[in-house]
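Student: I've got a new model on the screen and a few quick questions. Can you walk me through it?
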Amino acid sequence: MTTTVYARVESPLGELLLVGEVPEGAAMDGGGPVRLVSLSVPEQKGGAVVRDGWLHVPEAFTEVAGQLEAYFAGRSTRFDVPLAEGVGTEFQRRVWAALESIPYGSTVSYGEVAARVGASGAGVRAVGTAIGRNPLLVVRPCHRVIGADGALRGYAGGLERKKLLLGIEGGAGRAEA
């Protein structure tokens with residue numbers, strides 16, 4: 001059994017909603033085993049919404065918040081946070097793993113991601129849907145996926161936020177809005 005906890009963190013993208021799971025009986029002081037389930041931005045398509053029974057425990061997210069702050073300040077290029085297991089379908093998890101392999105400051109096309117997961121051709125649409133259901137914006141870098149023509153395409157947090165994230169990473173010149 002797990003406890004669902006959440007916190008809100010200010011960022012250049014607006015107030016982020018962090019949601020995590022803590023195993024029963026574990027400490028929730030930031031040094032414990034919180035596993036990140038979701039990171040949502042305001043008005044995100046399909047973003048998490050605080051539910052009854054969730055506990056507001058900001059201290060459980062101290063490590064995640066620190067890594068986000070370092071990322072937004074340009075001092076960090078990667079995240080090392082425990083993620084919740086069993087989220088998404090098998091196909092979504094394959095696509096999300098491909099996202100995690102895209103290097104900081106780089107962009108790839110939806111077709112390239114589809115090829116990486118063995119879903120080229122008509123599978124590009126399914127890959128786009130899986131990317132759109134990524135519950136961990138920023139941490140799992142779906143913002144690094146752009147159109148084959150170099151244009152910014154679909155981002156659950158909005159194209160302005162995608163452009164901002166690519167700008168932080170120095171990749172804004174590779175994609176046109």
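Tutor: Sure. Start with the hairpin of β1 and β2: 6 residues lie between its strands, and G14 there takes a positive phi near 110°. Keep in mind that this is a predicted model.

Student: How many bridges join β1 to β2, and do they run parallel or antiparallel?
Tutor: They run antiparallel, with 8 bridges between them. β1 covers residues 2–9 and β2 covers residues 16–23.

Student: Which residues stand opposite each other there?
Tutor: V5 has G20 of β2 as its bridge partner. Y6 stands opposite V19 in β2. R8 stands opposite L17, again in β2.

Student: What holds paired strands like that together?
Tutor: Strands of a sheet pair through backbone hydrogen bonds, and the pairing is either parallel or antiparallel.

Student: In what sense does β2 pair with β3?
Tutor: Antiparallel, over 5 bridges. G20 shows up here too: its bridge partner in β3 is L36. So G20 is matched with V5 and with L36 of β3.

Student: Is β2 mostly enclosed or open?
Tutor: Enclosed. Of its 8 residues, 6 are buried, so β2 is largely enclosed by the rest of the structure. Buried here means under 20% relative accessible area.

Student: And β4, parallel or antiparallel to β1?
Tutor: Parallel to β1, over 2 bridges. V5 stands opposite L55 in β4. V5 also has G20 of β2 as a bridge partner.

Student: What is the strand order in the sheet, then?
Tutor: β3-β2-β1-β4. It is an open sheet of 4 strands with mixed pairing.

Student: Which strands sit at the edges?
Tutor: β3, residues 35–40, and β4, residues 55–56. Each of them pairs on one side only.

Student: Change of topic. What about the loop between β3 and β4?
Tutor: G46 is found in it.

Student: Is G46 buried or exposed?
Tutor: Exposed. Its relative accessibility is 78%, and the cut-off for exposed is over 50%.

Student: How far is G46 from T89?
Tutor: Their C-alpha atoms are separated by 16 Å. Along the chain the two residues are 43 apart.

Student: Zoom out for me. How many helices and strands are in the chain?
Tutor: There are 5 helices and 6 strands. Along the sequence they follow the pattern β-β-β-β-α-α-β-α-α-β-α.

Student: How does its compactness compare with a globular protein of that length?
Tutor: The chain is as compact as one, because its radius of gyration is 16 Å, close to the 16 Å that the globule rule gives for 177 residues. The C-alpha atoms fill a box of roughly 50 × 35 × 25 Å along the principal axes.

Student: What share of the residues is buried?
Tutor: Buried residues make up 44% of the 177.

Student: And the contacts, how many link residues 24 or more positions apart?
Tutor: Such pairs account for 59% of the contacts with a separation of 6 or more.

Student: How much area does the chain expose?
Tutor: About 8800 Å². Carbon and sulfur atoms supply 50% of that area.

Student: Last one. How many positive and negative side chains are there?
Tutor: The chain has 18 positive and 19 negative. The centres of the two sets lie 9 Å apart.

Technical notes:
Residues numbered from 1 in each chain as written. Predicted model: local features only at pLDDT ≥ 70, side-chain atom pairs only at ≥ 80, totals over all residues. Heavy atoms only, no water. Rg over C-alpha atoms; globule rule 2.2 N^0.38 Å. Buried < 20%, exposed > 50% of the residue type's maximum accessible area, 1.4 Å probe, protein only. Contact = heavy atoms within 4.5 Å. Areas by Shrake-Rupley, 256 points an atom, 1.4 Å probe, with all protein chains shown as cover. Lys, Arg positive; Asp, Glu negative; His and termini not counted. Charge placed at Lys NZ, Arg CZ, Asp CG, Glu CD. Pairing = 2+ DSSP bridges.
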